[in-house]
Amino acid sequence: MGGRGSSVSGKSNAINWAHRRKNPTTILDKDPIGDENKKMFKDTMKNIVSIYPIEHANEIDIKTVKGALGQAGIGLDVKSLGNGQTQIQGYITLAFDDETFSSEYALEKKITDNFENRWNSSGEINHIIAHELGHILDFQLSIKKNGNISLDEFLTAKVIPDADVNNEINRMVNLYDVNFSRGIAQAVSREMNVDGNKMVSMVSEYARESEMEFFAEAFAKSYLARGKEKEDVFVQAFNKVLKERINKL
Ligand SMILES: [Zn+2]
């Protein structure tokens, strides 16, 4: 998809979610998914959006990221149109590392290594895809929670007078500045009746980084649970808390 979320020109870093990252990444306008991984990629995207309320994920123009295995972003594209008018449009982005996703071997090796050293919450080949879609779900539910608007509305361009731009930027940034995922780790730990540290150790090391990363790692673990893993106490507790919080929106 062109346009939505992909016009890099007017993008301001000051209002880009990615500025929160400790290690800066670079986004390239290039499809990162190698031929061997294309079917798995598409099937995973399709399946996740059929289960969870994620809008527009299949329309995102997938980019290449350098400096991370995957990256999901949300932000605002602000473009001055002249004549005292400015166009503001929200965007979401999804990007993956092209070397890791170039072949099935490279992807499997990376994920297996990361699972063995406990960095990732699963060893499934579609782990990174599920993790990034977990962030997209978090963004979308944040917008709903903070402003009771749909992702659709957030992504629709609007033209406003220059004098209103600052207020509108503040309003839109506030829609995603406080994430839906905030407090979920605490709720899951309460649900399981184990302390937070022990609960997070059932997920992954990456999950310790922030509440957003906890959510994405927990989402990937729960979505990718197979057979008996679905009865795992953590998976059950996370699914219960997620469902309750989605129903409350
Ligand atoms: Zn992440």
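Select strand β3 (residues 63-66) and strand β5 (residues 85-96): these two strands run parallel and are joined by 2 bridges. Strands here are DSSP runs of E of at least two residues, and helices are DSSP runs of H or I of at least four, numbered from the N terminus; two strands count as paired if DSSP finds at least two bridges between them. Within this pair, K63 has A95 of β5 as its bridge partner.

The model is predicted: local features need pLDDT of at least 70 and side-chain atom pairs count only at pLDDT 80 or more, while totals for chains, interfaces and linings use all residues. Residues are numbered from 1 along each chain as its sequence is written.

Keep β5 selected and add strand β4 (residues 70-82), which pairs with β5 in the antiparallel sense over 12 bridges. One of the points to label is K79, whose bridge partner in β5 is Q87. The two strands form a hairpin with 2 residues between them, and N83 in the turn has a positive phi of about 55°.

Next, add strand β6 (residues 158-161), which pairs with β5 in the antiparallel sense over 4 bridges. Here I88 is matched with its bridge partner K158 in β6.

Now display the surroundings of β5. Of its 12 residues, 10 are buried, so the strand is largely enclosed by the rest of the structure. A residue is buried if 20 or more other C-beta atoms, placed from the backbone, lie within 10 Å of its own.

Turn next to the helices. Select helix α3 (residues 127-147) and α8, which pack at an angle of about 125° with their axes 8 Å apart. Axes are lines fitted to C-alpha atoms over the stretch in contact, with angles running from 0 to 180 degrees between N-to-C directions. The angle makes α3 oblique to α8, a class for angles outside those under 35 degrees (roughly parallel), over 145 (roughly antiparallel) and 65 to 115 (roughly perpendicular). Residues in contact, meaning that their C-beta atoms, placed from the backbone, lie within 7 Å, include H131 and L137 of α3 and F215 and Y223 of α8.

Finally, hide α3 and select helix α8 (residues 211-224) with helix α9 (residues 233-248); they pack at an angle of about 110°, with their axes 10 Å apart. The two helices are therefore roughly perpendicular to each other. To see the contact, show A218, K221 and S222 of α8 together with V235, F238 and N239 of α9.

Terms used: Two residues are in contact if their C-beta atoms, placed from the backbone, lie within 7 Å.
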